[in-house]
Amino acid sequence: MKTKIFLLIGVLLLFTNCAVIRPGEAGVKQTLGKFSDKVSTQGTIFYNPFTSKVIKESTQTNNIKLILSLPSKEGLSVNSEISILYRLQLDKIPSVLENLGQGYESIITSVFRSASSDVCAQFFAKDMHSGMRAKIEEEIKMKMKENLEKQADGIELIAVLMKSIQLPRGLANSIERKLQAEQDAMRMEFVIQQARLEADRKIIDAEGERDAQKILAEGLTEEIIKIRSIEAFNKLSKSQNSKVIITDGKTPLLIETDE
């Protein structure tokens, strides 16, 4: 009976002093408050539950979502939904845990608030809603990376994304009116361009007709006119209808075509 009890206790101790590391995770053993330099991935870690524990951290890309009011160069506040994409560098997880602890996400958030305020204050509100947004995101990312490396190296920033940007109502209406005016101007420019093309087409047609008449007139010599007159007389002579023809010998003039 005692043997079974000891065996049961041994099995329980075996299961309580091991940790299973799943895919996408990394485990670091902490003994008497000191983190081991060894990082384990996918497998089982055995440890003494009385003096040690295993800290598990994700090695996948993580997303911190924030909704903040960002300052602009002209002193306006721009509301935006923010996504901070990051992951922990596998071999530097012990350093991150030692310097920042397991609450490192709050550190990332604080660093973002500081970096975004510094960067956004250098740009106008309309820039955050235009093609300048990518530049603003990149500058915030670089500023955050610089500040994080001063506290602990091992957090890899992948991207800072500004989404659902809401400009102040007055500025949004002003930008919308400006865009509408630009579209109207572009549409008018298109209409004018089409009118110019149509005018050019008519000029080209008129010039072609004029040149054709000029060429035709230049080609009607007296000899050609005589030949055409003879041909006309021949055709009239073959007609079965009675006719009265007045001519000066050069061109026929048909007066009557009744039989």
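In what order do the 3 strands of the open sheet with β3 stand? The order is β3-β2-β5, and the pairing is antiparallel. Welcome to this structure, which is a predicted model. A second open sheet, also of 3 strands, has the order β6-β7-β8 with antiparallel pairing. As background, strands of a sheet pair through backbone hydrogen bonds, and they do so either parallel or antiparallel.

**The sheet β3-β2-β5**

- The edges of this sheet are held by β3 (34–40) and β5 (52–58); each has a single partner strand, so one side of each is left without a neighbour in the sheet.
- On average, and with direction ignored, neighbouring strands here are turned by 30° against each other.
- Strand β2 covers residues 25–31, and 4 bridges join β2 to β3 in an antiparallel run.
- To find a spot where these two strands meet, look for Val28, which stands opposite Val39 in β3.
- A helix belongs in this picture too: α2 (residues 93–100) lies across β2, β3 and β5.
- The direction of α2 runs at about 150° to β3.

**The sheet β6-β7-β8**

- The order β6-β7-β8 has β6 (62–71) and β8 (155–166) as its edge strands, and each of them pairs on one side only.
- Neighbouring strands of this sheet are turned by 25° against each other on average, again with direction ignored.
- Helix α3, made of residues 104–120, packs on this sheet and touches β6, β7 and β8.
- Between the direction of α3 and that of β6, the angle is about 35°.

**From β6 to β7**

- These two strands run antiparallel and are joined by 10 bridges.
- One residue pair to look for is Ile67 with Glu81, its bridge partner in β7.
- What lies between the strands of the β6 and β7 hairpin, and which residue there takes a positive phi? The hairpin has 5 residues between the strands, and Gly75 takes a positive phi near 90°.

**From β7 to β8**

- Strand β7 spans residues 77–88, and 9 bridges join β7 to β8, with the two strands running antiparallel.
- Which residue of β8 stands opposite Arg87? The residue facing Arg87 is Glu156.
- Leu85 likewise has a counterpart in β8, standing opposite Ala159.

**A short recap**

- One sheet has the order β3-β2-β5, with helix α2 lying across β2, β3 and β5.
- The other has the order β6-β7-β8, with helix α3 packing on the sheet.

How values were computed:
Residues numbered from 1 in each chain as written. Predicted model: local features only at pLDDT ≥ 70, side-chain atom pairs only at ≥ 80, totals over all residues. Heavy atoms only, no water. Pairing = 2+ DSSP bridges. Helix = DSSP H or I, 4+ residues; strand = E, 2+ residues; numbered from the N terminus. Axes fitted to C-alpha atoms, helices over the stretch in contact; angles between N-to-C directions. Contact = heavy atoms within 4.5 Å.
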